[in-house]
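Me: I'm new to reading protein structures. Could we go through this one together, a step at a time?

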Amino acid sequence: MKLEKYSFGMGDRFAHQGQAQLQAIIKAKNKGVNITPVWNKSHREHITIGSSPDDVRIEADAAVKALGWDGQYLVDADHINMDTVDGFIASSDFFTLDVADYIGKPAAESEINDFVAKYSEFAGTLHIPGMSEPFKIEKSFIEKVARDFLFAIKEAGRIYRHIAGVKGGDNFVVEVSMDEVEKPQTPEVLFFILAGLAQEGIPAQTIAPKFTGRFNKGVDYVGDVNQFASEFEDDLLVIRHAVKTFGLPENLKLSVHSGSDKFSIYKPINELLKKYDAGPHLKTAGTTWLEELIGLALAEGNGLVLAKKIYRQALGRFEELTDPYKTVIDVHKDQLPIPEEVDSWSGEKFAATLRHDQKNPAFDLQFRQLLHCAYKVAAELESEFTDTILEYEDVIAAQVKDNFFKRHIQPLFF
Ligand SMILES: [Zn+2]
């Protein structure tokens, strides 16, 4: 199964916006850009929401059928590992093998020695075609990469073979993710990681390294945009060269996780992809849930009452809700508005405070980040929440579609 050049990961916490999300993809197609929609949900999200991997498949199939989408579409078992993969195998055809937790664990000494021996031909001056400066690679650097990553690579191989044993190796797309770590992987590290993945026989079609800078959830990129762009360009060149050198799938591409709302890097990403005729996979997840809240607020009436109730509860449970996300958010309780103030707001004001429109003076980054973490509150409200989003489906769907098309798909793929 071959993933197409452009693909877009779409998370949908409560599984009600599949059609609205697909409408954004169809709009792009009608304007001449073909993108594969990939519905993704991680084990962590399923646990918080109380949903199952089968629900994502049902949602995707239903949206595709309802709108008559005849292009490729996939269901991504996002961030799975050996402990969690089994529940995803039947319903998924895209698997994100998350081996970040295994980075730094020691592989066997003999395996490390074999790796260093095999790839020491790349020690010295390593020219990557297209790159202005060659890498200077010490043998000790190759050994360091092996010590840091070989165990994780082997683990990815173990998970891959486990899935392939059930589904057949050609019946799914493989992504390898190492993004949920503090320290970015540089392009030269990526080169040797790709060597390892090829050696392990993992036909990865997407790879999610940790890029430089902060990828906070639901808000813009925090970091040096020029540095990001230069690293992203080097990564593209490294991948192109590694594909030829190690015999990896020729459509192997970069996957950008926590990719929603990273407006300041979309322009360089777009330009570099055009320059190298490459495609991205970009994953989004929580941004759709925030559009549901915006839609509820704009609907006024019960919708706005519910949005305010969720905010009040979220603030009351600040530590519990933000703690699991503390490495990927920057939010301070004392900088958030008090619930009594929020209760006095109009739906427009609530929506403008939450919507990721950096030009709007009402936009509040802190407010947005807290609510990003608050989907657990909505999940616990059960039918009170889901009935209300169904009641205001039209206004919510318009927000979801607009957010995807105007703020994400257009700047990235057009
Ligand atoms: Zn991720």
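Me: How many residues of domain 1 are in contact with residues of domain 2?
Reply: Happy to help! Keep in mind that this is a predicted model. The domain assignment gives domain 1 as 7-284 and domain 2 as 289-402. On the domain 2 side 21 residues take part in the contact, and on the domain 1 side the number is 19.

Me: Which element gives the largest share of the side of domain 1 that touches domain 2?
Reply: Two elements give two or more residues to that side: helix 1 (18-30) and helix 2 (43-49). The largest share is four residues, and it comes from helix 1.

Me: How many residues on that side of domain 1 are nonpolar, polar and charged?
Reply: Let's sort the residues of domain 1 that touch domain 2 by type. Four of them are charged and nine are polar. The nonpolar ones number six.

Me: Is L321 buried or exposed?
Reply: L321 sits in helix 11, residues 318-322. Beyond its neighbours within four places in sequence, L321 is in contact with A314, C373, A374 and K376. A residue needs 20 or more other C-beta atoms within 10 Å to count as buried. L321 has 21, so L321 is buried.

Me: And K359, is that residue buried or exposed?
Reply: K359 lies in the loop between helix 13 (347-354) and helix 14 (365-372). The cut-off for exposed is 12 or fewer other C-beta atoms within 10 Å. K359 has 5, so K359 is exposed.

Terms used:
Residues are numbered from 1 along each chain as its sequence is written. This is a predicted model: local features need pLDDT of at least 70, side-chain atom pairs count only at pLDDT 80 or more; totals for chains, interfaces and linings use all residues. Domain bounds come from an automatic or database domain assignment. Two residues are in contact if their C-beta atoms, placed from the backbone, lie within 7 Å. Ala, Val, Leu, Ile, Met, Phe, Trp, Tyr, Cys and Pro count as nonpolar, Asp, Glu, Lys and Arg as charged, and the others, Gly among them, as polar.
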